[in-house]
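Q: I am new to this structure and would like a close look at a single part of it. Could you walk me through it step by step?

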Amino acid sequence: MSQGPPPPLRVTDLTVRFAGLVALDAVSLTVEPGSIHALIGPNGAGKSTCFNVLSGVCRPASGSVRLGERELTRLAPHRIAALGVARTFQNIVTTEGTVADNLMLGRHGLSRAGFAATALRLPHAVREQRAHRERARAFAGLTGLGALFDTPVGLLSYGDRKRVELARALCLEPRLLLLDEPVAGMNGAERERMAGVVRTVRAELGLSVLLVEHDMGLVMRLADEVTVLDFGRRIAGGAPADVRTDPEVVRVYLGSPAAPAAPAAPAVSAPSGAGAVERPGDASARARGAAAPAPGTERGDSA
Amino acid sequence: MSERVPRTGPRAVLPYAAAVVLLCALPLYLEAYWLRIGLFAMAAAIGAIGLNLLSGGTGQLSLGHAFFLAVGAYGYAWLAGEPGPGLPAPLALVLAVCLAGVAGGLFSPVSGRVRGVYLGVATLALVFLGHHVMLNAEAVTGGYNGRAVAPFTLLGFSFTSADPELSVLGVPFGAEERLWYLGLALLGLAWFTARNILRGRPGRALAAVRDSEVAAAVLGVPVARYRSAAFVVSSMYAGLSGALIALAFRRIVPDYFGLTLSIDYLAMIVLGGLGSVAGAVAGAAFVTALPLVLTRYADVLPLVDEPGAGGQGVGPTEAARYLYGAAIVLVLRYAPGGLVGLVRRTPAPGRRAAPAASAPADDGAPANAASPSVRPSHPKESSS
Amino acid sequence: MTTALDILLNGLALGSVYALVALGFVIIFKASGVMNFAQGSLLLLGGYLTAVLHEELGFLPALLLAVAATALVAGLVDRVLLRGMDPRHHHILTIMTIGVDILLLTELARRIGGDLLTLGDPWGNDVLTLAGVTVPTSRVASITVSVLVIGTVFAAFRHTDWGLSLRAASEDQEAAALMGVRLGRVRTLAWALAGALAALAALFLTAFPAPGLERTTGQIALKAFPAAILGGMASPPGALLGSLLIGVTEALAAGYQSELSALGRGLGDVAPYLVMIVVLLVRPHGLLGTKEAVRV
């Protein structure tokens, strides 16, 4: 499964504008091979926009994104996926059908059975799909969904559906995994379980992970490196221990030095990513108003 | 789509086998009138299966289905007939289907890029442009008065009332009886292939495109290509359906392939249940048979002196239109799963039973503002 | 004898009527995201009511009553049928309007039968001579009234609470609702207004030189579809632009029919669709439409 270490992801001077608003302003960061890198910042900081650029959903005004030697900013999303970049979404996006159907969708780019071969159930197509189904089952097992493989997604709990998204992303055999708020809306036990799964897949599959998350406790425990965004700018970066004491970061997360470490997210908040978790810094961010990205660029809509 | 592994074993196969035996035996008992209705219903079912792949499977609204039916019908009539190259009928049939697919492919610059209502109205254009061509390309289409359709022959066996004369168990087999089996075979093929597509890799990709284009793209699905492909495949089913309709009518005219026909097909898949192959077939049977059955029984049904009609009675055709307009409204309003949804098991817990269930309760209330999923959740059932 | 000026005037008159219908499409689309396929039968309803009422009531009261009644019916369609359905299921709602169209159209067509009804408009077959060009008075009336009505609707978009709410709702239903916009009421009003516009359009469609109201008159709405799409479904100025473009295109194709005979008879009927397809190929969201925000 792992073909040597994954290539590094280098983001250089990435700038994104929406109708005159600067959503990302010359942001640079590097995800080292095999590391877990966290991208944090208040709502509206540009995290999801960054993910959208990395996965090809949105085109930057300038700057570059390189995965190894390949430039990603000019590629269509499905080409980026084929290079081994997989992502999950802040708001769960699953299709109807079973867990297996969703995971098999993740195998799309790796399989070939076309319309004619599928329609006529040609033997090679049937064999191919059967093999991919077994592979998908393995990923379901890895993420703790093994027993739910043939269950319709609509019947699953919120936490399970989040893990379906993760497993589906893994089905792409990615070298870089982009996780957009993987534990948002989960309770404490589910959060720990998800963190465990992320650690496991990193260890077993040897991939790099770039992660957006509001749960600072989780970020600090999980990440090897942290990049902090505020209003589209990179304001700090480095090892988690350094970042949590960085005065600029503390200021962004409003006042109290304890703030970065203490997640304010209520565990039983609405089960949706749509801005349900308002950071303490957010109120002031909105009060500062003018520079905040337009609705639809970050909060809720963009991911 | 929920089940990829085909259920086998006697218990699963039994109902299908029984249905097939019944359908094969019907020509021995039914008179030609009913067989014709059945034939039209089977032809329509093939077209509805195709539209269902597009609208139910991919979420693309098409009002242009009549155009692709026309391509298949005229394609077959021209290829197999005179004037035309006069090819062997089976070859002409295959080529007509391919021709419809090509027509769908030529539309891909539009179908790959244009979305939602824009696509719906763009496909409307196909119907009018097609009609214009049918009227004016007289050498091929025969213009306003249409053209005759060459009968289908397979290995010297003609699907007409003679050549060779045939009777089975004392029942003389005329054109209707013979075409019935052709229709049945083609419908079986359409059903089998569409079900496999919907449950297989292409179907999953199409469903993903329907539920979220961005998510589908990020998961490696080339969205524009699949949107176009859905159009091509759907057009091919329409082409087959059109050719079969041409064979059943024995004469085709441009006015038949109008907007009303497109709307009929939309009604079929909506009434049957979006996304379900069985539903498309049930919807096609209902929409096709309703006016014909009402016409047949016009004298026994209490239709003629409908009250409030200002002295004018309601004819069977009108009665059928009322019923079917009302059926569309009522089904969408109260049973969005369509006929299949009604017959099938009650909705599983947790599954959205009806779009109405998540609708705003009152003015102003946002529609489930924090809906965790962006899927449009057409009340789509897996096919069976 | 047709001159270029005649053709242009013809096109503008036609375009102004399309604009009334297309504006209705756009208003409903903005309010509820639905392509209203029942617009044609609403138009027919307005025309039919005017036709049956004008002999007893006189033209103007009959027209006003017909417009009001059509608005009411349109509002009821929204209230009774669409209300409570999930507004995100645009396809389902759109197909539902097809069902409504079938019901209304069947009933009206049955009542009208093969008749040709007159709406009793005061212009009859009068003509005006302006700067050497002779035009039917009805055409002048059509353009004038359309301009006035469309101007009023545009002003309403801009300056009334309803207009503001409608624009807010079409930007973002959720946010609008959170800010206190009563979506249901905004939507019903939008439907009613679209119905009123359709009823008014029926008058000018059937006035001289058209022969009168037939059961097929409602099909005109099918040409307002490309007009609305071509301009950009969510843009009222786009609907206006698209309508004029379609009107002039149709008049040109019909006027120069003999020169265009190579393309077949009846080109005027399909030219609007050709124009629309070409525009959509270049701009998939219409001339003045904006790309939908990417939502994941």
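Which domains does the domain assignment of chain A give, and what do the sheets of domain 1 look like?

A: Happy to help! Please keep in mind that this is a predicted model. For chain A, the domain assignment gives domain 1, made of 1-84 + 174-192 + 206-303, and domain 2, covering 95-173.

Let's begin with an open sheet of six strands in chain A. Its order is β6-β7-β8-β3-β9-β10, and its pairing is mixed. At the edges sit β6 (85-87) and β10 (233-238) of chain A, each of which pairs on one side only. Direction ignored, neighbouring strands of this sheet are turned by 20° against each other on average. Helix α1 of chain A, residues 47-54, packs on this sheet and touches β3 (36-40), β6, β7, β8 (208-212) and β9 (225-230) of chain A. The direction of α1 makes about 145° with that of β7(A).

Now zoom in on one edge. β6(A) and β7(A), the latter spanning residues 176-180, run parallel and are joined by three bridges. For example, A:Ala86 has A:Leu177 in β7(A) as its bridge partner.

A second open sheet of chain A has four strands in the order β2-β1-β4-β5, with antiparallel pairing. Here the edge strands are β2 (21-31) and β5 (70-71) of chain A, and each pairs on one side only. Strand β1 of chain A, residues 9-18, runs antiparallel to β2(A), and seven bridges join the two. Within this pair, A:Phe18 has A:Leu21 of β2(A) as its bridge partner. You have already met the helix that packs on this sheet: α1(A) touches β1, β2 and β4 (62-67) of chain A. Its direction makes about 65° with that of β2(A). In general, strands of a sheet pair through backbone hydrogen bonds, either parallel or antiparallel.

Finally, let's see where the two domains meet. In chain A, 12 residues of domain 1 are in contact with nine residues of domain 2. On the side of domain 1 of chain A that touches domain 2 of chain A, helix α2 (residues 77-82) of chain A gives the most, with three residues. The residues on that side of domain 1 of chain A divide into eight nonpolar, three polar and one charged.

Methods: Residues are numbered from 1 along each chain as its sequence is written. Chains are lettered from A and ligands numbered from 1 in the order in which they are written. This is a predicted model: local features need pLDDT of at least 70, side-chain atom pairs count only at pLDDT 80 or more; totals for chains, interfaces and linings use all residues. Two strands pair if DSSP finds at least two bridges between them. Axes are lines fitted to C-alpha atoms, for helices over the stretch in contact, and angles run from 0 to 180 degrees between N-to-C directions. Two residues are in contact if their C-beta atoms, placed from the backbone, lie within 7 Å. Domain bounds come from an automatic or database domain assignment. Ala, Val, Leu, Ile, Met, Phe, Trp, Tyr, Cys and Pro count as nonpolar, Asp, Glu, Lys and Arg as charged, and the others, Gly among them, as polar.
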